[in-house]
Amino acid sequence: MVGYDDDVHASIKNRLGNGENLSIHCQSKDDDLGQQDIADGSEFGWDFSVNAWGTTLFYCDMEWENARRSHFDAYSFSRDHTRCETQCSWLISKEGMYGMNGQTGFWEFMYDWPN
């Protein structure tokens, strides 16, 4: 198990295609990462430390050209401390969201977009 003093790197990859930009705003209770525009094929990432209480949570609001909006937890200690360990990667595509499983090394389909 990862110690609480280890840093985690979170990243969000835009794989929407057709040159679509992804607009994203991520934050935790203590840190606001501001509005980020991620070009198609690019990614945005940040580093943070997990708190001693195991309650670290980063959440993001995002939208792209078709006025589609979504909210998701980019890092939730209870869900991600074993799946991600030190690297928590997300891939945003037309079909939905994929999360990298650090234990298997495979992208897993995590979330469907609502109709």
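The overall architecture, dimensions, surface and confidence of a predicted single-chain model are described here.

The secondary structure of the chain consists of nine strands and one helix. Read from the N terminus, the order of elements is β-β-β-β-β-β-α-β-β-β; six strands thus precede the helix and three follow the helix. Contacts between residues 24 or more positions apart make up 49% of the contacts in the chain that have a separation of 6 or more.

The C-alpha trace extends over about 40 × 30 × 25 Å along its principal axes. The radius of gyration of the chain is 14 Å, which agrees with the value near 13 Å for a compact globule because that value applies to a chain with 115 residues. Of these 115 residues, 41% are classed as buried.

The exposed surface of the chain amounts to about 6400 Å², of which 46% is supplied by carbon and sulfur atoms. Among the side chains of the chain, 20 are negative and 8 are positive. The centres of these two sets of charges are 6 Å apart.

The mean pLDDT of the chain is 90, and 92% of the residues reach a score of at least 70. With respect to confidence in the chain, strand β3 (residues 32–38) is highest, at a mean of 97, whereas strand β6 (residues 68–76) is lowest, at a mean of 90. Where pLDDT is low, predicted coordinates should not be read in detail.

How values were computed: Residues numbered from 1 in each chain as written. Predicted model: local features only at pLDDT ≥ 70, side-chain atom pairs only at ≥ 80, totals over all residues. Heavy atoms only, no water. Helix = DSSP H or I, 4+ residues; strand = E, 2+ residues; numbered from the N terminus. Rg over C-alpha atoms; globule rule 2.2 N^0.38 Å. Buried < 20%, exposed > 50% of the residue type's maximum accessible area, 1.4 Å probe, protein only. Contact = heavy atoms within 4.5 Å. Areas by Shrake-Rupley, 256 points an atom, 1.4 Å probe, with all protein chains shown as cover. Lys, Arg positive; Asp, Glu negative; His and termini not counted. Charge placed at Lys NZ, Arg CZ, Asp CG, Glu CD. pLDDT = per-residue confidence, 0-100.
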